[in-house]
Amino acid sequence: METYTIFKDLAIIIIFAKLFGILARKCKAPQVVGEIIAGLLIGPSLLGLVQQSDFLTRMAEIGVVLLMFSAGLETNLKELMKTGPVALLIACSGVFVPLIGGALLYMGFYGAAPWGSEEFYKAVFMGVIMTATSVSITVQSLKEMGKLKGKVGTTILSAAIIDDVIGIIVLTFVIGFKNPESNPGSVVLSTVLFFIMALVVGFIVYKVFKKLDERYPHTQRIPILGLALCFFFAYAAEKYFGIADITGAYVAGIVLCSIQDSSYIDRKMEVSSYIIFGPVFFASIGLKTSIDNVSAGLLLFSAGFVIVALITKIIGCGLMAKLCRFRFQDSLKIGVGMMTRGEVALIVAQKGLSVGLLTSEYFTAVILLIVVSSISTPIILKLLYTKDKEGAAA
């Protein structure tokens, strides 16, 4: 691809993403819905104005990392500690129910497979894909509604981070059972070591940033160093511990959320994220969608895959939230907020392709799940919050 083509692609993405984002807000829907629809429109499925490329993939990755860093900066640490045990229970339930649901769906379409067979692991892997939660779109929606710092928003964020860690462990165990050369136990160890590292290094970094903030308040060096910390944690999480980079970015935000200038850092991050990286990330979801070579049988399976994935997340997370004494309305919000799938589901699916647990035609079902959940979650969340507000006022 010619170097100058990227400028044309970026111009089209930014114009369409912002135009459809404004239209979405006019229609009382979150802006991210419009940006995802814009990606569908300009992508290869419809107009074909922009093709997915490695450059755009990297830009989108930076976008989601910045978004999760911003979410960490906006987190109320005291509320996070308070909701931690509850979030763990919600995350565990939100992994277990979709895992079983996905495996049963595959066996329902293609027949029950004996334990330990190739088809059995393929069925289980369908469930593994469903376990992944992509909280970035939910985060943006909650931020637009001013609900990110509340108990429900913090619980969703905490549960989603824990959900991804559990999902990665489950993925590694499934691959490990299929391939005896891999060692699932090493992933559990790596995960524990990452959070120990985050705790130790994070405490030291927090003290350093607190001193710098007291000496140089509201200066550009604080956000610049904060951005460097975000990228370092994202890199270290993936490179040395096998944890998703977005988890590292979120932890970096958590480290800095209690310093005096955390909101100042967040405002500076918002500029680049809002103007370019955010639109590229959300539009890229639509760009990855292709409707070529879709058969009737695959379309039926894809529809079932989407329905089961959404419902099992709502049931698993929402029911556990209700058991943890959340109100019914808040339990439903948590279940809906956790049902979004995005970059984590893509990473899991691509890993399945590489090890032979997923064939290319089923990738259509994964893309469809990501698109449907990414568009429907912000809309349903907005409706739930609006209805809850009207009920409280009445």
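A cavity is taken here as a set of grid points where a 1.4 Å probe fits but cannot get out. In this predicted model, one such cavity of 30 Å³ or more is counted, and the largest cavity holds about 30 Å³ of space. Two helices, α3 (54-73) and α11 (262-287), are the elements that each give two or more residues to its lining. The largest share, four residues, is supplied by α11. Readers who wish to find the spot can look for Leu66, Leu67, Ser70, Lys143, Asp266, Met269, Glu270 and Ser273, which line the largest cavity. By class, this lining is made up of three nonpolar, two polar and three charged residues.

The two helices named for the lining of the largest cavity also pack against each other, with the axes of α3 and α11 7 Å apart and at an angle of about 140°. Angles over 145 degrees would count as roughly antiparallel, so α3 is classed as oblique to α11. In this pair, α3 passes α11 in a left-handed crossing. The contact of α3 with α11 comprises 17 nonpolar, five polar and two charged residues.

A second helix pair makes a helpful companion to this one. Helix α9 (residues 221-241) and helix α10 (residues 245-256) have axes that come within 7 Å and cross at roughly 140°; α9 and α10 are therefore oblique to each other. Here the crossing of α9 past α10 is right-handed. On the α9 side, the contact is formed by Gly226, Leu229, Cys230, Phe233, Ala234, Ala237 and Glu238, and these meet Asp245, Gly248, Ala249, Val251, Ala252, Val255 and Leu256 of α10. Sorted by class, the residues of the contact of α9 with α10 are ten nonpolar, two polar and two charged.

Two loop residues also deserve a look at the backbone. Most residues other than glycine have a negative phi. Histidine 218, although not a glycine, has a positive phi of about 55°. This histidine 218 sits in the loop between α8 (184-215) and α9, the latter being the helix that meets α10. Further along the chain, arginine 325 likewise has a positive phi, near 75°, in a residue other than glycine. The place to look for arginine 325 is the loop between α12 (296-323) and α13 (328-337).

Technical notes: Residues numbered from 1 in each chain as written. Predicted model: local features only at pLDDT ≥ 70, side-chain atom pairs only at ≥ 80, totals over all residues. Heavy atoms only, no water. 1 Å grid on protein atoms, 1.4 Å probe; cavity = no way out; pocket = protein on both sides within 12 Å on 5 of 7 lines; lining within 4 Å. Points joined across faces, edges and corners; volume = space filled by probe spheres on them. Nonpolar A, V, L, I, M, F, W, Y, C, P; charged D, E, K, R; others polar. Axes fitted to C-alpha atoms, helices over the stretch in contact; angles between N-to-C directions. Parallel < 35°, antiparallel > 145°, perpendicular 65-115°, else oblique. Left-handed = near helix turned anticlockwise from the far one by under 90°. Contact = heavy atoms within 4.5 Å.
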